[in-house]
Amino acid sequence: MTDFVLVLGVLAAAAAGLWAWRRFHPVSFWYGVGFPLRAVLVYLTWHHVASGCKLTRNRRRFRLTLDAIPVVGLASRSAATVVEHKRRVRRVDVERSPRLGLLRPTRLGWRMRLRLHDGQVPADYEKAAEGIAHAWRVHSVRVVDVRPGSVTLWATMRDPLVEVATVPETGELLTVRPGKLENGRDWVIDFRTVPHWLNVGATQSGKSNLANALLKGLAPQPVALVGFDLKGGVEFTPYAPRLSALATTRKESVDLLVDLVVEVEDRMATCRAFGARNVWTLPEGLRPMPIVVLVDEVAELFLMADKSEKDEVAKTATALLRVAQLGRAFAVYLVVCGQRVGSDLGPGVTALRAQLSGRVCHRVNDPETANMALGDLDPAALDAARAIPAETPGVCIVAGQDGSWHRARSVYVPEHEAEQAARDYTHLTPDWETLVGSAPAVRPAA
Ligand SMILES: Nc1ncnc2c1ncn2[C@@H]1O[C@H](COP(=O)(O)OP(=O)(O)OP(=O)(O)O)[C@@H](O)[C@H]1O
Ligand SMILES: [Mg+2]
């Protein structure tokens, strides 16, 4: 009896210990207990899962079989058939599942490499991914890192984008951390790697929130921020203390874009004079201050109320395209937001879009918009963009220029926080006239 009580006590203590471990240190609990258990389950059930998801293949293999052979002579004397069992080696059809590699834990799940059967393609696994996710009882399974003859499956236990807690400020020049990626890593935008960004999404999908996060992240840095807000300036006017220039009408936009083009040309001339290919190879003292241009609702820049505006719109389109084409090397970066950014807006939009190599696609109402933003990527990215629900604003598909894509969510940055950052760093705002007036523009001591 005392033994029984002792065993019960030990079991209860172990359960309480595990509960406390999981509760107070979930990360080490996952690596120490959760993941090894999951790994065993995955290996044990893989054959059934693969078979259910139609990923198995039949192979002919030699197997030892037990055959029932009627015994001649005996059968005729009794009603029951008498048989004798004999072992035999023969070729039979065997169902083989794709060979599993080593399961590697990640913070939110695991990754594992799979060897494709002959005749299989990665698309077969993409099709099966949802079924595998249900079989494993995980949030999602994605096919990543496709190599000849093998794919990597990446399972995530729960959606890490339900709550995003991070700060946009990174402390590194031209680098912002606007949110989190689905794999649990930080979503980092580095303008020196991907200079121009297109940010699309339906209304209330989180475009302006992303712009707020970028503004908050860039505000403490020695960069000039410029805004185009043709929605009457309601979005960006509160951030005016940190903006070196803000255009809220078409006339102002044309003037500001002309200034920007002149500035880019000045920087180009400086680089040429010093034999530099871009501003980063100029001597430190001559290196101009980077400019990040935020455009909210780009369609407004291209809309024409009547024919008289045609020239202005054409001028705007050309100037914006020039800034996009030349800006990269001369530290002028674009973030273009819009609900739709398609050729229907006018000539020049498709060329502009082609220059915006960084893509962010929030929830969209129509498949064409997702297509415009992510069209040249893997079709699974389009499906993921179309599946973003309305109740999670800020969730988006992010694609850099290397062709890979991620589900991500921006951290919530309400207007008052961005306004506060704009006020706190007003002293870092370079004066626009000084910035574009002096050639070469010299970086003021921060
Ligand atoms: N990352 C986020 N996390 C939580 N809530 C968010 C996030 N992004 C946006 N929201 C919420 O969604 C609302 C709409 O976002 P936002 O204003 O950025 O949309 P929008 O795409 O700019 O819409 P519009 O096209 O009308 O300007 C915000 O007021 C905010 O409450
Ligand atoms: Mg908005």
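**Reading a loop, a ligand shell and a core**

Biologist: Ala 202 is found in the loop between β9 (197-200) and α5, but how are such helices and strands numbered?

Modeller: Helices (H or I, at least four residues) and strands (E, at least two) are DSSP runs, counted from the N terminus. Gln 204 also belongs to the loop between β9 and α5. This is a predicted model, in which local features need pLDDT of at least 70 and side-chain atom pairs count only at pLDDT 80 or more, whereas totals for chains, interfaces and linings use all residues. Residues are numbered from 1 along each chain as its sequence is written, while chains are lettered from A and ligands numbered from 1 in the order in which they are written.

Biologist: Is Gln 204 buried or exposed, and which class does Ala 202 fall into?

Modeller: One counts other C-beta atoms, placed from the backbone, within 10 Å of the residue's own: 20 or more means buried, 12 or fewer exposed, and anything in between partly exposed. Gln 204 is exposed because it has 12 such atoms around it, and Ala 202, with 18 C-beta neighbours, is therefore partly exposed.

Biologist: Which residues does Ala 202 contact, leaving aside its neighbours within four places in sequence?

Modeller: With contact taken as C-beta atoms within 7 Å, Ala 202 touches Gln 339, Arg 363, Val 364 and Asn 365 once those sequence neighbours are set aside.

Biologist: What does UniProt list for "binding site", and how many residues surround ligand 1 in the model?

Modeller: The unreviewed UniProt entry lists Gly 201, Ala 202, Thr 203, Gln 204, Ser 205, Gly 206, Lys 207 and Ser 208, although such annotations may be inferred rather than shown by experiment. In the model, 14 residues surround ligand 1 (C-beta atom within 6 Å of it), and the closest are Gly 206, Ser 208, Asn 209, Pro 393 and Gly 394. The elements that give two or more residues to this shell are α5 (207-218) and β16 (405-410), and α5 provides the largest share, 3 residues.

Biologist: Which residues have the most contacts inside the largest nonpolar core?

Modeller: In soluble globular proteins, nonpolar side chains tend to be buried together. Here the largest nonpolar core (buried Ala, Val, Leu, Ile, Met, Phe, Trp, Tyr and Cys residues joined through C-beta atoms within 7 Å) has 87 residues, and Val 293 and Val 335 have the most contacts inside it. Apart from this core lies another, of 15 residues, among them Ala 128, Val 141, Val 151 and Leu 153. Beyond its neighbours within four places in sequence, Val 335 is in contact with residues including Trp 197, Ala 211, Leu 214 and Val 293.

Methods
Two residues are in contact if their C-beta atoms, placed from the backbone, lie within 7 Å.
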